[in-house]
Amino acid sequence: MTRAPRIAIVGGGIGGVAAALALERRGFATVVCEQSPALSEIGAGVNLTPNALMALRALGVEDGVVVAGCESDFLMIRSWKSGRVISRMRRGSFRQQFGAPNLTIHRADLLHVLHGALKTTELHLAARCIGIEQRPRGAVARLADGSEIEADVIVGADGIHSVVRKDLFGADAPRFTGCICWRGMAARDAVPQDINVAEGTMWMGPHGHVVHYPVRRGELINIVAHVDSDAWTEESWTSECDLSEVMTAYAGWHRDLLRLYPNSERWYKWALYDRDPPARWSKGRVTLLGDSAHAMLPYLAQGAAMAIEDACVLAAAIARHADDLDTALLTYEQRRMPRARAAVLGSRERARENHLASPWARLKRDAKFALRERFGRDKTVFQTRWLYSYDVASELR
Ligand SMILES: Cc1cc2nc3c(=O)[nH]c(=O)nc-3n(C[C@H](O)[C@H](O)[C@H](O)COP(=O)(O)OP(=O)(O)OC[C@H]3O[C@@H](n4cnc5c(N)ncnc54)[C@H](O)[C@@H]3O)c2cc1C
């Protein structure tokens with residue numbers, strides 16, 4: 001191939017926009033088609049672990065993300081009822097330990113920084129992909145309005161219900177994980193001053209846990225409350241519900257939490273799904289990226305992080321093998337699949353340990369966390385050095 005390959009990305013979420021930026025930075029003509037009429041994100045936060053920050057550094061947007069995000073010194077892990085501090089994991093030292101900080105950020109702010117860095121990418125909004133066709137030297141994305149986008153490579157960054165994935169490997173439903181969560185967002189000024197919301201905090205109790213952390217330079221507090229339940233199975237990020245549901249589910253939990261919840265004006269509920277790690281991500285000239293390839297539970301805070309890492313590695317593989325795109329896609333999936341698979345399975349394991357029902361099992365777990373925090377060589381309560389210390393730049397040389 002003598003001209004630079006043209007790449008089409010289906011989906012303009014965090015993964016799709018990160019991929020557009022990574023490809024654009026390497027000089028490829030890139031087009032994104034997004035089904036929504038605007039590039040937008042739901043009103044929720046996202047925790048970015050050091051590996052995510054290093055991937056954003058590779059994309060040249062780390063500084064913008066740091067300005068928009070929040071860095072707290074500790075992750076406090078507290079017991080659901082008494083409020084006893086189980087562990088105070090020092091996050092402030094992650095920069096020294098892992099090479100980048102841990103940040104919490106509003107999803108819309110992250111998308112804004114990524115989108116703002118795009119210069120040459122062609123963006124098609126209200127462009128819903130309904131299918132993919134392979135061609136001898138490329139592929140075509142068919143859109144709902146009857147138009148088509150032809151490219152040398154098509155990337156399905158279209159989330160957990162990916163149309164691209166279905167066309168490549170057939171229909172298979174994501175797996176309901178048995179967990180649901182409620183999500184709220186409170187204005188910092190509305191929260192009673194005596195509740196510590198400046199630090200990222202995780203409350204662990206029987207059959208559930210709750211996470212809250214500051215976003216938007218500390219102006220907002222993102223709250224996500226998880227429980228084991230099969231009472232609700234709709235996988236929607238925008239189903240609104242009543243505060244009373246949350247209060248009922250957490251009756252008996254610590255009063256700080258019960259005083260925090262009413263400060264969110266809206267509550268949404270989510271059923272959490274993931275997928276078994278697939279055997280392949282690519283077929284012909286089409287590949288997957290982000291949740292379409294590796295939807296996972298959010299308990300290691302790696303879904304967006306993995307999507308951004310994918311973006312960097314995909315662009316590097318295409319740049320290295322621009323004359324042989326089949327090899328480029330093979331290289332991409334071989335480099336990414338083992339790590340993404342470990343994150344999917346590791347997140348499932350966290351669900352089990354986060355939600356232990358037996359008081360004795362919880363006591364043992366809490367003692368283990370406290371010991372790890374003080375004496376552990378890994379320096380992370382959840383033994384996540386293998387995730388956090390990964391600098392995607394090492395894959396790009
Ligand atoms: C409760 C919860 C908390 C989380 N917390 C964290 C966290 O702290 N840290 C972290 O790293 N990750 C977290 N995640 C995971 C993270 O949000 C996802 O992994 C990430 O958003 C995946 O990005 P994506 O671009 O692959 O998919 P999505 O964000 O789902 O984006 C897909 C995009 O494709 C578009 N699209 C879909 N179908 C089509 C189509 N047919 N045609 C055109 N466009 C289409 C959609 O409109 C959307 O814009 C969390 C997830 C949940 C549920």
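Which elements each supply at least two residues of the shell around the ligand? In this structure, which is a predicted model, they are the helix α1 (14–25), the strand β3 (45–48) and the helix α10 (303–320). The shell as a whole brings together 31 residues, and the closest to the ligand are Gly11, Gly13, Gly159, Gly290 and Gly303. Divided by character, the residues of this shell come to 15 nonpolar, 12 polar and 4 charged. The element that gives the most to the shell is α10, with 4 residues.

From the ligand we can step back to the protein as a whole. Its secondary structure comes to 14 helices and 18 strands. The radius of gyration is 21 Å, close to the 21 Å that the globule rule gives for 397 residues, so the protein is as compact as a globular protein of that length. Taken along the principal axes, the box that the C-alpha atoms fill is roughly 65 × 40 × 35 Å. Of the 397 residues, 50% count as buried, and among the contacts with a separation of 6 or more, 75% join residues that stand 24 or more positions apart.

The interior can be followed next. The largest nonpolar core has 127 residues, of which Ala18, Ala19, Ile154, Ile308, Cys312 and Leu314 touch the most other members. Helix α10, which was met at the ligand, gives the most to this core as well, with 13 residues. To see what such a core residue meets, consider cysteine 312, which touches Ala22, Ala55, Ala58, Leu59, Val392 and Leu396 when residues up to four places away in sequence are not counted.

Two strands give a further view of the inside. Strand β1 (residues 6–10) is mostly covered, since 4 of its 5 residues are buried, and this strand pairs in the parallel sense with strand β2 (residues 29–33) over 5 bridges. Within that pairing, isoleucine 7 has threonine 30 of β2 as its bridge partner. Strand β9 (residues 138–143) is the place of alanine 141, a residue that counts as buried because 29 other C-beta atoms lie within 10 Å. Leaving aside neighbours within four places in sequence, alanine 141 is in contact with Ala8, Val10, Cys33, Cys129, Ile132, Glu148, Ile149 and Ile154. Alanine 141 and glycine 156, which are 15 residues apart in sequence, are 9.8 Å apart in space from C-alpha to C-alpha.

A helix can also be examined for what it hides. In helix α5 (residues 107–116) the buried residues are Arg107, Asp109, Leu110, Leu111, Val113 and Leu114. What covers these buried residues includes α1, β3, α3 (62–68) and β6 (103–106).

Finally, two residues in loops deserve a careful look at their backbone angles. Alanine 301 sits in the loop between α9 (291–294) and α10, and its phi is near 55°, a positive value in a residue other than glycine. Glutamine 383, found in the loop between α12 (359–375) and α13 (385–388), likewise has a phi near 55°, again positive in a residue other than glycine. Are these two residues buried or partly exposed? Alanine 301 is buried, because 21 other C-beta atoms lie within 10 Å, and the cut-off for a buried residue is 20 or more. Glutamine 383 is partly exposed, with 13 other C-beta atoms within 10 Å.

Definitions and conventions
Residues are numbered from 1 along each chain as its sequence is written. This is a predicted model: local features need pLDDT of at least 70, side-chain atom pairs count only at pLDDT 80 or more; totals for chains, interfaces and linings use all residues. A residue is near a molecule or strand if its C-beta atom, placed from the backbone, lies within 6 Å of it. Ala, Val, Leu, Ile, Met, Phe, Trp, Tyr, Cys and Pro count as nonpolar, Asp, Glu, Lys and Arg as charged, and the others, Gly among them, as polar. A nonpolar core is a set of buried Ala, Val, Leu, Ile, Met, Phe, Trp, Tyr and Cys residues joined through C-beta atoms within 7 Å. A residue is buried if 20 or more other C-beta atoms lie within 10 Å of its own, exposed if 12 or fewer, and partly exposed in between; C-beta atoms are placed from the backbone. Two residues are in contact if their C-beta atoms, placed from the backbone, lie within 7 Å. The radius of gyration is taken over C-alpha atoms; the globule rule is 2.2 Å times the number of residues to the power 0.38. Two strands pair if DSSP finds at least two bridges between them.
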